[in-house]
Each structure stands twice: as C-alpha cells, then as structure tokens.
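The following exercises concern the interfaces between chains in a predicted model. Please examine the structure shown here before working through each solution.

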Amino acid sequence: MTAEGILFWGLAVATVALALAVVLSRNIFHSALALAATLGSVAGLYLVLRAEFVAVVQLLIYVGAVVTLVIFAVMLTGRVQETLRQPQFNRHVGAGGLAALIFVALTIQAIRATGPAGVPGARLASVEEIGRGFMTEWVLPFEVVSVLLLAALVGAVVIARKDG
Amino acid sequence: MTFLYDLALVFDAAREALSGLAMKAGLPWEAPALASKIITASVLFGFVNLSAIFLVWWERKISAHMQSRLGPMRVGWHGILQTIADGIKLLQKEDIVPSEADRLAHFLAPLVVIVGAVLAYVVIPFGPRLWAADLNVGVLYVFAVTGLGVIGILMAGWGSNNKYSLLGGLRAAAQLLSYEIPMVVSVLGVVLIAGTLSLTKLVEAQSRTWFIFYQPVGFCIFFLCSLAEANRAPFDLPEAESELTGGFHTEYSGLKFSMFFLAEYTAMFTGAAMGTTLFLGGWRGPLLPPWVWFLIKSYGLIFVMMWFRWTFPRFRIDQLLSFCWKFLLPLSFVNLLVTGLVVLL
Amino acid sequence: MSSVFAPTLTHYLILSAVLFGIGLFGVITRRNAIGVLMSIELLFNAANINFVAMNRYLAPSGLAGQMFALFVITVAAAEAAVGLALIIAIYRNVKTAYVDEINLLKW
C-alpha cells in the first residue's frame, strides 16, 4: 500500500480507460481530448518511474504540441460524428481478436521473462546526465533526429499549403 | 514573530503535527511528507487565486488613474471589494450552454484552462523554503503546464458552436504555441549560465548578481512572450471585444466565465513570477522577509504588464505572428548563441 | 513477485501490452484517418512505457531507456506533423477524411 503502488494503479487504470475512450469514441473531438488525457496520465506514470525529464518532455511535446495539432486537423477536416455506413461488426471482431492475441503473447513473455524487482526508490539519470549523454554517446541519433525534424517541418508546411 | 519572516516555519509546524498524527495512526512514513507537500501546494494555489482577485481590482485602479479617472470607489475602501461584488454577480448568473454545443468540451474547457494556469505554482519558490516541490526540471515543467491551457482554449473555441469562438480559439492557440518557443529559448540562456533547470537552484545562483544584468535581451524577450502567453494586450486579439465579440469565451457565462477571467490573471502572475525567479533574483533582497521581496518584484512586473495594456494598441494576428517568428525567434537564437559562446570562453 | 499490488517490471510490461492492444484495435477499426493517427500515438506510448520501465528496473544507473523514449517522442511528433499535413491535403482534394472513402486509385 505504498504511495508508488497507489499512484501506479490509479494511473494505470486511468490510462487504459482513456485509451479505450480514444479508440471507441464516436465523436473524434472527444477522441482527441481523451488522447490528451491518456498522454497526460502516461506522463504521470513516467513520474512514478522517477523519469522526470521524460515526463516533462512528454507533457511539453505530446500534450502541448501533438494533441494541439490533432485538434487543429480535426477542426479543419469537417465531419465530427463518425457515421457508420455499413455494419462494421466483422472488422471490429477481427481487430479485437488480433489485439487480444498480441496482448496475450506480450503478457506471456512479460510474465515469463520477469527480471528482479528493482531497487525501490531508485533515481534515474538526472537531466545533466541526459544532456551529457546527448553530447557524447548519443550524439549521432541526436543529429539525425534534428535533420529529421527539419525535414518534417519543411515537408509538413509544403504539403499542407494551399496551392496557388 | 519569526514566522512572519520565514513563512515556511508554518509549513514545518504543520508537517510536525502531521507526522505526530501519522505515527499514532500507524501510517507509512511517506504519508506526512506527501500530505505536507499537498498542503503547501494548496496554500500556494489559494494565495495565487486570492492574488488574482486582488489583481482585477488593481488593474481597474491603475487603468483608471492612467486615464485620469478614479475607477471603482464605492464598494469598500476605494472600491477594493469591487471584485468580490463582481464575483457574486457572476456566480448568480444563469449558466447558458449553446444548443448545438459540444457539452463535454464546453463544460471542461474552463477547468482545463484554470488547472493549466495554476499548476505552475507547484515549483515556483516564494521564499528560501516556501515551495511545494523542487523538481529537477522545474523550468520545463512550468512551460509544459502552460501548454495545457492551449488545449483548454481550443476546447472552448470548438465547443461553443460559434464562429467567433472558433476563430478566437484558433487564433489564441496559434499565438500561444508560437510564443512558447522564443520564451523557452530565451530562458535557456539563463539555464546555461546557472547550469541547472531547478527553479530553487536558479534563485540560489543569483546570490551575487541578478540574471537580468547578464541577460537583458533574454529578459525582454521573455517578458514579451509571457505577455503573449497570458493573452494580454497588446497581444489580446483572441479575446478582443471589439474584434471578435469576446473570442473563445463568448458563449460562457457565470462561473465558467469567471474561471477564464481568473485564469488570465493567474497566467499573468505566472509570467511575472517566472520573470522574477529567473531574471530578478526571486526572493533575494536585504532587510525585508523573502516572500515580501518576491511579491514586490512580481507585482512590479505585473504593473509593467498593465502599463503595456493601457498604452499600446492591439496587434493584428498576422503582425503578431510575424513579430514572433521573424523577429523574436531569431533574436532569441542569437541571444542563446552569444550566451553559449560567452559561457564557453 | 512479493505482492500483486506493488508495481514491478511485470506490471509495467502488462500495462504496455494492454495499451498496445488497444492501439492496435484502434488502428484497424477507426474510419477517420485522424483516429488512426491517434491510435498510432497510443502504440508509441506503449513502447515508451516499456523502455522507461526497463530502464528503471533493470538498469537504474544507465540511461538508454530514457534516451530511446526521448527519441521515440521526437520521431512521433515529426511523424504526426507530416501525417496530419497529408490528411489535410487529402481532405482538400477528396473532401473526406475517412480511409474507406479515399479509394480513387480504383475507378
């Protein structure tokens, strides 16, 4: 009944419930809001895991930017209510079966390959160490990702621009 | 009387009392520490909200005197209870929800905006020990939480089923997102000098000189961006009455409108508090208690913000955005570059 | 496991598996292309939880898990930006964002 346990279970239940709201909601704007809340609770989980920098970056980028982009796109593409043309029952069942299959496979692996319980209260690498890592061991992915971001920025602007 | 000087002593006493209770009740050792943090955070949030109420009155008085008139004078001494009277009026108004509005978004938007505005005070140090949590990544946390307000504004704009609200919401979101970037980059100069992202350590690093003398350009950029983040004039097009009939909060009445209103003043206070902490030495100062210095500096910055509002005309949205992207952003990058070079050499 | 209640690595792995399953269900089922993109973000987050949890429980002094999570977040943001730009561009031409109506290649 530790604080970590309560926080973990609360956040885990919230994450799963909100993720279900994302994929099952008829109204796509509500899905976007549920996505923001899901990403927020995942950031909470990172905080429980003592990864402060990743949690704050998750909030800053995912909730602050990606979800805002998604909401802009929802507003710019009109129809909000998902209208079912023909019954989608087969597709839902098939997708559900596949998802359940993958979930079972992953869970079996998780239970079989369980590692040590981990050091309680262990503090992960600080921001300083992450920064130093970015400049030493991980400098190549860092530079590549910056080029990728530049390409994505230019590409998104070019693709979404009105012709003429 | 020493608790007047170091208000944190009050919280220490509360923590001791809670620890005593927890020992007797057999709770785990973490409980009183967590509870004392929650109490500190709640007291700070409460103070900030009270402060927002005070700021509404102060703005009316300042704007009045700048315009050679008197402002509220009847309700209480020089109208100081005017905000409370306005609050009571707003609370008893009918809560009108537009017929085709998206009820969930319309209902939750003020909540998201005010939560986003208030959460920043978890990390801001009001005194040497007067803070709720000392996050390793305090500076980034404040900016992350400010981003939550953007979603609230989009929800308000979309959920009101009103084209003025939608336009106001989109413009506000564009403005808030754009101005976040030069704000973060200008603060990075300060972070480079101090070598830490934690707000309490940043205040401690200003023991000899305030960072405003090392980073004047950074301070100016940060101040302008925090004005834009709080939707304050001259950047208040999204909610300008003469342009968009109220922008994203057109369709809100009663308590929900007062939430938006208070959130704007809270965001203004956040910008001023961050500016104080990062550039003006936080709670540092001789003689007076630290929290008094913090409040003096923050309110000083807020006074300048109010001064801007009643002096400058409003920016158009395209002027606003091009000012950000074509001037402030390159300037902040140059500032960061020069700071980095100076720190390195 | 000492108790089912205290979170261990297995708990986080199972949570990430659940999130992955939900995201997969969403990718296959949603008709709106933006809905598909949102479900893809759920998949990314499931993988990120895995990374950070393994960092915390198996190698607390290292930082590979957190670094991977940061790179995944960055790449996901870039991908969401380009994906949404594409959806908006398609909407301008075909006036729909539903994946089963965007079938101009078959006449």
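**Exercise 1.** Determine how much area is buried between chain B and chain A, and which atoms give most of it.

*Solution.* Begin with the total: about 2,100 Å² is buried between chain B and chain A. Carbon and sulfur atoms give 82% of that area. Next, turn to the individual residues of chain B. Those that lose the most area to chain A are B:Asn136, B:Ile151 and B:Trp158, which together make up 26% of what the chain B side buries. Finally, count the residues in contact: 25 from chain B and 23 from chain A.

**Exercise 2.** State how many salt bridges and how many polar contacts link chain B and chain A, and identify the helices of chain B that take part.

*Solution.* First, the salt bridges: the rule finds zero across the interface of chain B and chain A. Second, the polar contacts: the count of residue pairs, with both residues at pLDDT 80 or more, is likewise zero. Third, the helices: in chain B, helix H5 (103–118), helix H6 (138–159) and helix H7 (163–194) each supply at least two residues of the side that touches chain A. H6(B) gives the most to this side, with eleven residues. Fourth, the residue classes: the side of chain B that touches chain A comprises 20 nonpolar, two polar and three charged residues.

**Exercise 3.** Describe the interface of chain A and chain C in terms of residues in contact, buried area and polar contacts.

*Solution.* Start with the residues in contact, of which chain A contributes 89 and chain C contributes 72. The area buried between these two chains is about 7,300 Å², with 75% given by carbon and sulfur atoms. Within chain A, the three residues A:Leu49, A:Tyr62 and A:Trp138 supply 9% of the area that chain A buries against chain C, more than any other three residues. Then consider the pairings: there are zero salt bridges between chain A and chain C, but eight residue pairs are in polar contact, both residues being at pLDDT 80 or more.

**Exercise 4.** Which helix of chain A gives the largest share of the side that touches chain C?

*Solution.* List the candidates first. Helices of chain A that each supply at least two residues of this side include H1 (3–24), H2 (28–48) and H3 (52–76), as well as H4 (89–112), H5 (127–135) and H6 (139–160). The largest share, 13 residues, comes from H1(A). To complete the description, the side of chain A that touches chain C divides into 60 nonpolar, 19 polar and ten charged residues.

Conventions:
Residues are numbered from 1 along each chain as its sequence is written. Chains are lettered from A and ligands numbered from 1 in the order in which they are written. This is a predicted model: local features need pLDDT of at least 70, side-chain atom pairs count only at pLDDT 80 or more; totals for chains, interfaces and linings use all residues. Side-chain values use heavy atoms; hydrogens and water are left out. Contact means heavy atoms within 4.5 Å. Buried area is the accessible area (1.4 Å probe) that two parts lose on being put together, summed over both. A salt bridge is a side-chain nitrogen of Lys or Arg within 4 Å of a carboxyl oxygen of Asp or Glu. A polar contact is a pair of N or O atoms within 3.5 Å; within protein, one must be able to donate a hydrogen and the other to accept it, and residues adjacent in sequence count only if both atoms are side-chain atoms. Helices (H or I, at least four residues) and strands (E, at least two) are DSSP runs, numbered from the N terminus. Ala, Val, Leu, Ile, Met, Phe, Trp, Tyr, Cys and Pro count as nonpolar, Asp, Glu, Lys and Arg as charged, and the others, Gly among them, as polar.
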